[in-house]
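Here are a few exercises to work through with the model open beside you. Try each task before reading its solution.

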Amino acid sequence: MNNIRANDLLARLPKVDLHLHLDGSVKPETILDLARRQGIELPVYDKDGLIPHMRVGEECGSLIEYLSKFDFTTRFLQSAEALERVAYEVVEQSAEHNCRYVEVRFAPQLHRNNGLTVEETIRHVVEGVKRGQRDFGVRVGVIAICMRNHSCESNLEVIEAAAKYVGKGIVAVDLAGDEASYPPECFREVFAESGRLGIPVTIHAGEAAGAMNVYEAVTNLGAVRIGHGVRLKESRSILEMVKDRRIPLEMCPISNIQTKAVSGWEAYPIREYLEQGLVVTINTDNPSVSGTNITNEYRVLADRFGFTTPELVKLIMNGVDAAFMEDHDKLSLRREMEEEMSSLGVLN
Ligand SMILES: O=c1[nH]cnc2c1ncn2[C@H]1C[C@H](O)[C@@H](CO)O1
Ligand SMILES: [Zn+2]
């Protein structure tokens, strides 16, 4: 297959994205408009000029450097209107890449500078994605994020509010932020509460710290999925545990290279993980910070690792299996996607 046709096929394949941060998915043109409406000064007033403020470059050396890009964007996401709008637009952008299901995650406590409550932030994000779901025909779930640098109290507040929205938009809770400085043990109390309330848990782990964080996330924080897990390869026994429990990894290739979770593509363990029988899914993490989209993630994997179309289809369907979705909805999503793949001629 020549490249143009291959790229076209990747764009047209139905896909899912399980790891997508709201505040890492804001379009520069939306920032221009939000700044004007909110009367906030910008360093530049053209969308190309904003890109360096929002996106990491080649030189990104660590997760901490990567995370610094979020400070710029979250300033504009402090009102009901802004949250609803970016939530809607994230669904629109996913639809442009033929995503059939997305899980949009955000940290309520980062959007309260102008007085919104945790529950209000959740309500507005859920409203935005639901409107997107109706207009663009993409199924959507929302994940509420606790932050590693926030207090137990403020993270517990997120869990309690999220619980009220389970079945009404919220599908899980997560833990994100600077992994290296805050070991996951600090969060046992917080995720014990999500366990009591019966909310599914995914945890960013094994990205900027070692495999022990994955172990802690699974055994003590109740994680049933792991965000990234790139450094899981550092421990054979922990890798075996993740494999035996069939815990899906939400890998985000471009982001993982940029945050230096691994030294480079040659060390990226995706083939290794698949050969070892781990459940790998492919996701974007932060399209506007990483300068990526879901089609691009698959294209890079095809180019760098020689993944064939059946292998890419398998990765996509792993994402469907790993979705935080009711069984009957998952079944109908799987059927729809299989039909669409059949009509594209990529299923036997
Ligand atoms: O890849 C990541 N690792 C850890 N934290 C992250 C990553 N991407 C985004 N975040 C943080 C920064 C955002 O402000 C926050 C909520 O989306 O989550
Ligand atoms: Zn993430």
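**Exercise 1: two residues at the zinc ion**

His21 is buried, and Asp285 is buried too (under 20% relative accessible area; over 50% is exposed, in between is partly exposed; 1.4 Å probe, protein chains only). Before going on, note that this is a predicted model, where local features need pLDDT of at least 70, side-chain atom pairs count only at pLDDT 80 or more, and totals for chains, interfaces and linings use all residues. Residues are numbered from 1 along each chain as its sequence is written, chains are lettered from A and ligands numbered from 1 in the order in which they are written, and side-chain values use heavy atoms, with hydrogens and water left out.

Task: work out which protein atoms are the donors of the zinc ion (ligand 2).

Solution.
- Start with the donors (N, O and S atoms within 2.8 Å of the metal, or 3.2 Å for Na, K and Ca; water is not among the atoms, so sites may look incomplete). They are His19 (NE2), His21 (NE2), His204 (NE2) and Asp285 (OD), at 2.0 to 2.3 Å from the zinc ion.
- Next, read the spacing along the chain: H-x1-H-x182-H-x80-D.
- Now place the pair: His21 sits in strand E1 (residues 15–21) and Asp285 in the loop between strand E8 (280–282) and helix H13 (287–290), so they link parts of the chain 264 residues apart (helices, H or I, at least four residues, and strands, E, at least two, are DSSP runs numbered from the N terminus).

**Exercise 2: ligand 1**

Task: find which residues come nearest to ligand 1.

Solution.
- Of the 16 residues around ligand 1 (a heavy atom within 4 Å), the nearest are His21, Asp23, Gly177, Glu207 and Asp285.
- Then look at the polar contacts (pairs of N or O atoms within 3.5 Å; within protein, one must be able to donate a hydrogen and the other to accept it, and residues adjacent in sequence count only if both atoms are side-chain atoms). A polar side-chain atom of His21 is 2.8 Å from an oxygen atom of ligand 1, and a side-chain N or O atom of Asp285 is 2.9 Å from an oxygen atom of ligand 1.
- Finally, a side-chain N or O atom of Asn286 lies 3.0 Å from a nitrogen atom of ligand 1.

**Exercise 3: Asn155**

Task: explain why Asn155 counts as buried.

Solution.
- Locate Asn155 in helix H7 (residues 152–164).
- Check its accessibility: Asn155 counts as buried because its relative accessibility is 1%.
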